Amino acid sequence: MSQITLTYFDMHGGRGEAARLALFIGGIAFEDRRIPFGDWPRVKPDTPFGAIPVLEVDGETVTQSNGINRYVGKLAKLYPDDPWQAALCDEAMDVIEDITNPVVATFSIADETEKKARRQALVDGPLSFHLTRLEQRLAARGGKYFADGRLTVADLKVFVWTRHLRSGNLDYIPTDLTDRVAPLLVTHCEAVGNHPRVKAYYDR
Ligand SMILES: N[C@@H](CCC(=O)N[C@@H](CS)C(=O)NCC(=O)O)C(=O)O
């Protein structure tokens, strides 16, 4: 059996969370290496590209969250075998990256007025647009799963993002934005959150 270590920040969310969930759901043993934010400046230079998540398998490392999600999804049987379904799964995960990046770009804005303006512009523009279109994709595929008619890493990634958007942890992004513009994503988020293995993960 391979020795697997997943390194990511010590929080319930972000780019490493879907892989943690997938490994847990699949019953795959792994070291869940959690980096406290205060330790990050010390750890960062030792990572391949100065960022996490990093997955280590038998002493070799790989980065890039969606690539990691695909790899662990295959191990956990949470990634489609069918090439078309795999492309649909990848699409949803990459859309989340597309909307994550402009939000993350606002994290370092120190001036509150500027941060508020930038985030409101995201809410009025790309965030609402992407949420609406993602919801249409979900609806077109039956309304429950993004690919393969079953739970995949795409559902885990969208779940983590939707929960984050609704959490109130992002100032100036209304917690009811998703409820208003993409209610089916909220239904999806709650369904994934109530999946027995997802519940078991957070109940530990
Ligand atoms: N494209 C990369 C982006 C990785 C990334 O930017 N990770 C963030 C955390 S979600 C990070 O390491 N931030 C700290 C830093 O850049 O110093 C991926 O998808 O894994």
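**Exercise 1.** Is Cys189 buried or exposed?

*Solution.* The structure is a predicted model. The relative accessibility computed for Cys189 is 6%. Buried means under 20% relative accessible area. Cys189 therefore counts as buried.

**Exercise 2.** Determine how many disulfides the structure holds, and account for the state of Cys89 and Cys189.

*Solution.* The count of disulfides is 0. Cys89 takes part in no disulfide, and the cysteine sulfur nearest to its own, that of Cys189, is 17 Å away. A disulfide requires a pair of cysteine sulfur atoms within 2.5 Å. Seen from Cys189, the closest cysteine sulfur is that of Cys89, and the separation of 17 Å is too far for a bond. As for its surroundings, Cys89 has a relative accessibility of 0% and so counts as buried.

**Exercise 3.** Describe the peptide bond from Ile52 to Pro53 and locate Pro53.

*Solution.* Omega for this bond is near 15°, and the bond from Ile52 to Pro53 is cis. Most peptide bonds are trans. Pro53 belongs to the loop that runs between α2 (40-43) and β3 (54-57).

**Exercise 4.** Examine the backbone phi of Gln64 and of Lys77, then state where each residue lies and whether it is buried or exposed.

*Solution.* Most residues other than glycine have a negative phi. Gln64 is not a glycine, yet its phi is positive, at about 85°. Gln64 sits in the loop between β4 (60-63) and α3 (65-75), and its relative accessible area of 54% makes it exposed. Lys77, also not a glycine, has a positive phi of about 60°. The loop between α3 and α4 (83-104) contains Lys77. With a relative accessible area of 63%, Lys77 is exposed.

Notes:
Residues numbered from 1 in each chain as written. Predicted model: local features only at pLDDT ≥ 70, side-chain atom pairs only at ≥ 80, totals over all residues. Heavy atoms only, no water. Buried < 20%, exposed > 50% of the residue type's maximum accessible area, 1.4 Å probe, protein only. Helix = DSSP H or I, 4+ residues; strand = E, 2+ residues; numbered from the N terminus.
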